[in-house]
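Hi,

Here is the structure I promised to pass on. Have a look at it first, and then read my notes below.

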Amino acid sequence: MLCRVIEDIIYLMGSIFKCRFIFFCVLLVLFSVTSRAQDNPDNGTTDNSMFTVCIDPGHPSEVSDGMTVQNGVTENHINWIFALELKEVLEDEGVNVVLTKTEEDEYVTNRERAEIANENEADLFFRIHCDTFTDPDVRGMTFYYPDRQGTWEEEIGPPEEIIPDCERAANTIHDVAMEELDGLLNDRGVRTDNETYVGNRQGGALRGSILSRVPVCLVELCFLSSPDDVDVITDDDYRREIARAVGKGIIEFVAGATS
Ligand SMILES: [Zn+2]
């Protein structure tokens with residue numbers, strides 16, 4: 001009799017243990033499912049690998065070689081090193097990057113540059129240039145976008161349907177970059193291609209904009225005619241800070257464009 005009682009107790013304890021074991025297993029499975037859901041990039045956050053940005057370091061092209069030395073630097077060199085740093089910033093965030101040149105002094109026409117962006121179906125064709133002016137006190141960063149179609153060599157562009165995206169790209173990148181840079185460069189705002197001398201003569205759009213079939217905007221990083229701006233853009237830490245700020249704005253634009 002005593003043996004049967006002990007057997008019953010052992011059986012009962014075994015059942016309780018089995019129940020607890022199953023309960024524990026269920027808890028473990030639930031925990032792993034929820035923690036995996038939090039790690040999943042599709043779960044509320046954006047997977048940047050779906051985006052392609054075409055970075056265009058301006059010059060040498062049929063317009064100019066960009067090799068004029070101002071305050072010890074050339075536009076071609078600044079555009080190139082900034083483009084490489086911006087590429088690294090974007091790639092670190094998972095964005096696909098295509099460059100329009102493979103080396104600093106490579107000659108690429110404006111048509112070829114736009115075709116690279118178009119063939120890669122870039123989410124953004126981002127053109128990098130630096131300004132110059134007769135007054136060395138004029139400084140700062142300016143963004144340009146096409147607000148209308150222009151004509152060059154009988155070609156009309158950009159397509160009407162991408163013009164709102166061009167405007168949104170310029171505004172988003174400008175706003176994010178200026179907030180991040182907090183006065184490091186003067187804010188010369190967002191302007192239209194039509195406000196440039198060349199753009200105005202081509203019906204209101206720059207050549208790169210006319211030939212682009214994807215959203216396009218252009219940054220004039222700073223004025224190389226300003227010794228103060230050149231001090232900023234030739235400082236490795238400052239320039240990388242500018243690349244990070246511009247890159248953050250680009251990601252905000254491309255991520256917003258598809259959501
Ligand atoms: Zn330029």
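Here is something to try first: which residue is the bridge partner of Thr-52 in β4? The partner is Asn-96. I'll build up from there, but a few ground rules come first.

This is a predicted model, where local features need a pLDDT of at least 70, side-chain atom pairs count only at pLDDT 80 or more, and totals for chains, interfaces and linings use all residues. Residues are numbered from 1 along each chain as its sequence is written.

**How far to trust it**

pLDDT is the predictor's confidence in each residue, from 0 to 100. The protein chain averages 88, and 82% of its residues score at least 70. Watch out for residues 25–44, though: pLDDT stays under 50 there, and the model has four contacts for them beyond four places in sequence. (Two residues are in contact if their C-beta atoms, placed from the backbone, lie within 7 Å.) Where pLDDT is low, the predicted coordinates should not be read in detail.

**The overall picture**

The protein chain has eight helices and ten strands. These are DSSP runs numbered from the N terminus, with helices being H or I of at least four residues and strands E of at least two. Of the 259 residues, 37% count as buried. Buried means 20 or more other C-beta atoms within 10 Å of a residue's own, exposed means 12 or fewer, and partly exposed is in between, with C-beta atoms placed from the backbone. Among contacts between residues at least 6 apart in sequence, 78% join residues at least 24 apart.

**The sheet**

Six strands make an open sheet with mixed pairing, in the order β4-β1-β5-β10-β6-β9. Its edge strands, β4 (96–99) and β9 (187–192), each pair on one side only. From one strand to the next, the twist averages 20 degrees. Two strands count as paired if DSSP finds at least two bridges between them.

β1 and β4 run parallel and are joined by four bridges. On the β5 side, β1 is again parallel, with five bridges, and Pro-57 has Ile-128 as its bridge partner in β5. β6 (residues 141–145) and β10 (residues 216–223) are antiparallel over three bridges, with Phe-143 partnered by Val-219.

Why is β1 largely enclosed by the rest of the structure? Because five of its six residues are buried. Edge strand β4 has a covered face, Val-97 and Leu-99, and an uncovered one, Asn-96 and Val-98. In a regular strand the side chains alternate between the two faces of the sheet.

**Helices and core**

Helix α2 (residues 75–92) touches β1, β4, β5 and β10 as it packs on the sheet, and its direction makes about 145 degrees with that of β5. Helix α3 (residues 110–119) packs on the sheet too, touching β1, β4 and β5, at about 170 degrees to β1. (Axes are lines fitted to C-alpha atoms, for helices over the stretch in contact, and angles run from 0 to 180 degrees between N-to-C directions.)

The 18 residues of α2 should span 26 Å at 1.5 Å a residue, and the end C-alpha atoms are 26 Å apart, which agrees. The expected span is 1.5 Å times one less than the number of residues. Buried residues in α2 include Trp-80, Phe-82 and Leu-90. Just after α2, Gly-94 takes a positive phi of about 90 degrees.

A nonpolar core is a set of buried Ala, Val, Leu, Ile, Met, Phe, Trp, Tyr and Cys residues joined through C-beta atoms within 7 Å. The largest one has 57 residues, and Val-53, Cys-217 and Ile-250 have the most contacts inside it. Helix α8 (residues 236–258) gives the most to this core, with eight residues. Beyond four places in sequence, Val-53 touches nine residues' worth of neighbours listed here in part, among them Leu-90, Val-97, Phe-126 and Ile-250.**Two residues to compare**

Is Arg-113 buried or exposed? Arg-113, which lies in helix α3, is buried, because 24 other C-beta atoms lie within 10 Å. Its contacts beyond four places in sequence are Asp-56, Thr-100, Val-108 and Gly-208. Arg-113 and Pro-57 are 56 residues apart in sequence and 9.5 Å apart in space, C-alpha to C-alpha.

Glu-103 sits in the loop between β4 and α3. Glu-103 is exposed, because it has 7 other C-beta atoms within 10 Å. The C-alpha atoms of Glu-103 and Trp-80 are separated by 8.2 Å, with their positions 23 residues apart along the chain.

Cheers
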